[in-house]
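Take a moment to turn the model around and trace its chain from one end to the other. Then let us walk through it together, one part at a time.

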Amino acid sequence: MESVRGLITFVTDRWKGAVIAAVGLLALSAVIAGYFAWSSSKEANAWVLLRRAVSRPEANSQVGQDTTKQEEEIRLLQEVVARYAQSAAAVEATLRLGSLYYTGGKYDEARSVYTTYLSKNPRGRIAFSAGIGVGDAYLAQRNYAKAAETYSRLVEQFSQEPLLPEAQLHLAKAYLGMNRLKDAGTVYEKLIAAYPETGWARSAQAELYKLTFTSR
């Protein structure tokens, strides 16, 4: 009789343990599902805000509205980056915001956008593009030394980047601005050897051809 009672107690305890474990698992699943639903909602909201930022004005809008439209676009892009920093939309907004400042001649602001991203995401999805943006802002301001430093660092850190030749072309341009013709020529030669039969190589070849006559 005692053995039967013991068996019943053992089975009951195991059943209780199984129920508790099942309830715990369900609770954990609910938390995970809730998190993903919340994340998905935030991502969706981020894209909605981004679409608002980049939407174009109506065809019959007045020319005088362009400045206001650009200011609103900048404000919305900044909001996407600030409110949804970890979203894919924020990454897109960062590139658009930096480009918007750059094309508007606001090079310090453009560089600030890119450096802020890089400080938080040194190996992030757009780290290479952001680095190019930093260098281009320096280049536009004719700060060739800083531009060359930036591009050189990119070439070293992102040796496997598919768009690496872009950084090399920009690096050579910075060297030309510093009158470092030999260094520029070396960059062009390396690019041509590493990426033959590409548009980058043809551009480098054309620049190298001009450089040959310049240095005579």
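**A guided walk through the helices**

Let us begin with a single residue: Gln168, which lies in helix H7. Is Gln168 buried or exposed? At 11% relative accessibility, Gln168 counts as buried, because the cut-off for that label is under 20%. Setting aside its neighbours within four places in sequence, Gln168 is in contact with Val155, Val187, Leu191 and Tyr195. Keep in mind as you look that this is a predicted model.

Now step back to the whole chain. The protein chain has nine helices and zero strands, and read from the N terminus on, its elements run α-α-α-α-α-α-α-α-α. Of the 216 residues in the protein chain, 30% are buried. You can also ask how far apart in sequence the partners in a contact are. Among contacts in the protein chain with a separation of 6 or more, 45% are between residues 24 or more positions apart.

Helix H4 is a good place to look at one helix in detail. Helix H4 covers residues 107-120, which makes 14 residues. From its first C-alpha to its last, helix H4 reaches 20 Å, close to the 20 Å expected at 1.5 Å a residue. Which residues of H4 are buried? They are Ala110, Arg111, Val113, Tyr114 and Tyr117. Seen down the axis of H4, these buried residues fall within an arc of 155°, so they line one face of the helix. A general rule helps you picture such a face: an α-helix has 3.6 residues a turn, so residues three or four places apart point the same way. On the other side of H4, Ser119 and Lys120 are exposed. And what covers the buried residues of H4? The cover includes helix H3 (88-103) and H5.

Helix H3 brings us to another residue worth finding, Tyr101, which is found in that helix. Tyr101 is buried, with a relative accessible area of 10%; it earns that label because the value is under 20%. Leaving aside neighbours within four places in sequence, Tyr101 is in contact with Ile74, Gln78, Lys106, Glu109, Ala110 and Val113. You have already met two of these partners, since Ala110 and Val113 are among the buried residues of H4. You can also look from Tyr101 to Ser112, which is eleven residues away along the chain. The C-alpha atoms of Tyr101 and Ser112 are separated by 9.9 Å.

Next, look for the hollows between helices. The largest pocket has a volume of about 400 Å³. It is lined by 19 residues, and the closest to its centre are Val81, Ala85, Thr94, Tyr117 and Asn121. Helix H2 (66-83), H3 and H4 are the elements that give two or more residues to this lining. Which of them gives the most? H3 does, with six residues. By class, the lining of the largest pocket has ten nonpolar, seven polar and two charged residues.

The second largest pocket has a volume of about 230 Å³. Its lining has 14 residues, of which Leu118, Gly131, Thr150, Arg153 and Gln157 lie nearest its centre. H4, H5 and H6 each supply at least two residues of this lining, and the largest share, six residues, comes from H6. Sorted by class, the lining of the second largest pocket divides into seven nonpolar, four polar and three charged residues.

Finally, visit two loops. Most residues other than glycine have a negative phi. Arg142 has a positive phi of about 60° although it is not a glycine. Where is Arg142? Its place is in the loop between helix H5 (127-140) and helix H6 (144-157). Arg142 is exposed, because its relative accessible area of 65% is over the 50% cut-off. Asn179 also has a positive phi, of about 65°, and is not a glycine either. You will find Asn179 in the loop between helix H7 (164-177) and helix H8 (181-194). With a relative accessible area of 58%, Asn179 is exposed.

How values were computed
Residues numbered from 1 in each chain as written. Predicted model: local features only at pLDDT ≥ 70, side-chain atom pairs only at ≥ 80, totals over all residues. Heavy atoms only, no water. Helix = DSSP H or I, 4+ residues; strand = E, 2+ residues; numbered from the N terminus. Buried < 20%, exposed > 50% of the residue type's maximum accessible area, 1.4 Å probe, protein only. Expected span 1.5 Å × (residues − 1). Arc of directions from axis to C-beta. Contact = heavy atoms within 4.5 Å. 1 Å grid on protein atoms, 1.4 Å probe; cavity = no way out; pocket = protein on both sides within 12 Å on 5 of 7 lines; lining within 4 Å. Points joined across faces, edges and corners; volume = space filled by probe spheres on them. Nonpolar A, V, L, I, M, F, W, Y, C, P; charged D, E, K, R; others polar.
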